[in-house]
Amino acid sequence: MTAVPTHRSFEDLVAEGAAVPTEGWDFSWFAGRATEERPSWGYAVLAGERLARAEAVLDIQTGGGEVLDFALGRAEPARPVLVAATEGWPPNVAKATTLLRPRGAVVVAAPDDAPLPFADGAFDLVLSRHPVRPHWDEIARVLSPGGTYLAQHVGPASVFELVEYFLGPLPAEVRAGRDPERERAEAEAAGLDVVGLRAERLRTEFHDIAAVVHFLRKVVWMVPGFTVAAYEPQLRALHERIEREGSFVAHSTRHLFDARKPVR
């Protein structure tokens with residue numbers, strides 16, 4: 001996608017990026033402002049295929065429900081008997097409830113780090129797109145024997161070119177976080193069989209400083225405590241760099257998990 005030429009002031013762009021609502025996981029505002037390659041496996045389409053064959057489904061950390069809504073639409077006319085989702089951020093709980101209620105899905109407010117509020121073996125399919133951290137013991141607990149966990153996780157050092165621009169070089173152990181092989185070992189330790197694991201590194205470009213501001217406000221764990229006021233000098237310098245070079249390039253990392261609970 002071709003970037004939209006701005007020729008607008010730093011102050012104008014920053015004000016715009018700071019004003020855009022951050023609820024949900026709809027990234028359509030970024031069209032023409034930022035681009036990100038998508039993983040080749042097409043997670044939402046895969047999720048729709050699995051939904052068409054499932055009876056009881058849980059989507060963990062659903063955000064605003066946009067991905068689950070799309071996947072349920074892909075699964076039509078098939079529909080699971082039970083569809084539930086969890087979300088920890090109150091604005092997203094409200095957004096997801098409004099979006100998913102017509103699909104017959106129930107959204108449960110649950111903190112990301114809390115035990116899942118469901119019975120053992122309640123679901124034959126558990127989905128998640130970009131969980132903050134996968135709680136493997138809980139995922140294994142709520143899966144029925146033979147059930148599947150299908151999820152797209154954020155990988156190690158994702159968009160760290162941007163993160164380290166603001167925070168400086170991070171320790172090796174931070175850069176190695178979210179390692180897919182480490183997560184494989186954790187999933188197996190929880191009793192799951194990992195039948196598929198794919199990883200990709202994807203080009204991301206920010207075409208104006210408004211996109212950077214909105215991204216850091218929306219994905220709050222990238223630069224914890226980010227505000228325009230706290231990082232104004234870095235933002236101004238980055239604006240000037242984008243004006244000279246046309247974009248700021250970073251790389252996101254993603255991996256696809258396909259894990260199953262054995263039938264004992």
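**Exercise 1.** In this predicted model, determine which residues of helix 8 (residues 180-189) are buried, and work out how they are arranged around its axis.

*Solution.* Taking under 20% relative accessible area as the cut-off for buried, one finds Pro180, Glu183 and Ala187 in helix 8. Viewed down the helix axis, these buried residues lie within an arc of 55°, and therefore they line one face of helix 8. This can be set beside the general geometry: an α-helix has 3.6 residues a turn, so residues three or four places apart point the same way. The next step is to ask what that face meets, and the buried residues of helix 8 pack against helix 5 (136-142), strand 6 (143-154), strand 7 and strand 8.

**Exercise 2.** Describe what is found at the start of helix 8 and just after it.

*Solution.* At the start, a side-chain oxygen of aspartate 179 comes to within 3.1 Å of the backbone nitrogen of glutamate 181. Just after helix 8, glycine 191 adopts a positive phi of about 100°.

**Exercise 3.** Carry out the analysis for helix 6 (residues 160-167), identifying its buried residues, the elements they pack against and the residue that follows the helix.

*Solution.* The buried residues are Phe160, Leu162, Val163 and Phe166. They cover an arc of only 155° around the axis, which means that they sit on the same side of helix 6. Their packing partners include helix 7 (172-175), helix 9 (209-218) and helix 10 (232-245), together with strand 7 (193-206) and strand 8 (248-260). Finally, helix 6 is followed by glycine 168, whose phi is positive, near 85°.

Methods:
Residues numbered from 1 in each chain as written. Predicted model: local features only at pLDDT ≥ 70, side-chain atom pairs only at ≥ 80, totals over all residues. Heavy atoms only, no water. Buried < 20%, exposed > 50% of the residue type's maximum accessible area, 1.4 Å probe, protein only. Helix = DSSP H or I, 4+ residues; strand = E, 2+ residues; numbered from the N terminus. Arc of directions from axis to C-beta. Contact = heavy atoms within 4.5 Å. Polar contact = N/O pair within 3.5 Å; in protein donor to acceptor, adjacent residues only side chain to side chain.
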